[in-house]
Amino acid sequence: LPPRGRRHDERRRRRPRDFVRGTAMMLAISTACRHPPASARPGRTPTTGRRVIPAAMAGRRARAVAVRSVDDAKDDGSSAEVDARRADEEAEQPRRTFGSDVEAIAARGLAGALLEVDARLRIAMRGEAAGSRADTDADALDAKRAAARAEDQAVDIVACLKQTGALRGYGAARLVPRRDYALSELKLNGIEAEKLLSPTESTISGLRDVLGRVALVSVGAWVLSSHPSGAQVTGVLAAGAAALATDQVAFAGGMEALALDTLAQATSQTYVARLRLHEAAHFLVAYLMGILPKGYTLSSADAYKEYGALNVQAGCAFCDGAFQAEVAKGKITSGSLGRFSCVALAGIGMEYVAYGFAEGGVADVRQLDGMLRALAFSQKKSDSEVRWAVLNTISILRRHEGTVRKLSERMAAGASVGECIRLIEDSLGDDV
């Protein structure tokens, strides 16, 4: 063949080898794109190739961050999703119908309607006092019935104001997702459960110890100075023991609580401030969770003046007729139990937020524990309920810590329930 023909024939013979070589190169490039080297894969360092965060830990951190973002980030996508879901649920719920008298009161405006609420709550609190004295005569029974009617009317007025848009915060608290939370997730969100759920009551305990020592020294000094007979010493000791036993049996320790609380309020400003924050947190969380506060007292002396009974502790009272009806039937809904749990933990939750640990609130923890036991909850289910309530309550209090402090000052000044509600509504931001 001529030279040109030989070259053309050689190119034709080499073509299969070039095709195979090009195909192999293309496969290598595509494989490299689909499977990058270890140093370039996500989750590995460029030098060693070791994983930075294990997959399980990354999942837990992602969930914890999601919970924290629900509390802190106002413009976060998860918050918007929660708000949108709540708006859809509210839109789906049928509008309540109220009596003409309730609608007429709500039509007067927020200021006038809250005055009517205060008037009815005062009647309800008189019924609370009658119930605490355990009166059985006709007047006491009539007072209780009138109190129940007044309480229902007050709740209806507030619900009507909520439905018309005059009240924005009542029952509008943004909740964390309801699921099982581990203790590690609470810690990732800055909550140490052992410091919150184990109140110490160091102030009252310290005063009780001091008074015990003073009584012991006084008896010893009397014995050394007066040289009484053995019968006299025995009589004095027996009288003291009988007084303590009578207080525990007849008044549930009310006389001791009155004495210790009065002495603590007179000697410790920290105790007073802590108690005010404690009760203001109960008030705020109850209102935002949809439970109307009925009234409050900030000391055992005030409680005695209000109720006329020694077996009533200071604190907030609530319009909880619907919840009590569920308890009587033995069928408590998940929503009612969640609201009750959050309100019960609000006081110690605020102490934890403000001071890093809880001192008061032993009765609150016992009350919640007793409720869960009465419902025959297993330990696992009880822990799940309490952990969710702790996370939800702390989240609400962190968002509204400034409002709680303002509310505590107004409550210390003796503001009515309606005035406290007005303060809460005026202090609310975009994120309830």
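Trainee: Is the crossing of α12 and α15 left-handed or right-handed?
Mentor: The crossing of α12 and α15 is right-handed (clockwise turn of the near helix from the far one by less than a right angle). This is a predicted model, where local features need pLDDT of at least 70, side-chain atom pairs count only at pLDDT 80 or more, and totals for chains, interfaces and linings use all residues. Residues are numbered from 1 along each chain as its sequence is written, and side-chain values use heavy atoms, leaving out hydrogens and water.

Trainee: At what angle do α12 and α15 pack?
Mentor: About 135°, with the axes 8 Å apart. α12 and α15 are therefore oblique to each other (not under 35 degrees, over 145 or 65 to 115). α12 covers residues 269-288 and α15 covers residues 334-355 (DSSP runs, H or I, of at least four residues).

Trainee: Switching topic: where is Lys-294?
Mentor: Lys-294 is in strand β1, residues 293-297 (a DSSP run of E, at least two).

Trainee: Is Lys-294 buried or exposed?
Mentor: Lys-294 is buried, at a relative accessible area of 6% (buried is under 20%, with a 1.4 Å probe and protein chains only).

Trainee: What does the side chain of Lys-294 make a polar contact with?
Mentor: The side chain of Glu-151, at 3.0 Å (an N or O pair within 3.5 Å, one able to donate a hydrogen and the other to accept it).

Trainee: And Glu-359, where is that?
Mentor: Glu-359 is in the loop between α15 and α16 (362-374). Glu-359 counts as buried because its relative accessibility is 7%.

Trainee: Which side chain does Glu-359 join in a polar contact?
Mentor: The side chain of Thr-203, at 2.6 Å.

Definitions and conventions
Axes are lines fitted to C-alpha atoms, for helices over the stretch in contact, and angles run from 0 to 180 degrees between N-to-C directions. Buried means under 20% relative accessible area, exposed over 50%, partly exposed in between (1.4 Å probe, protein chains only).
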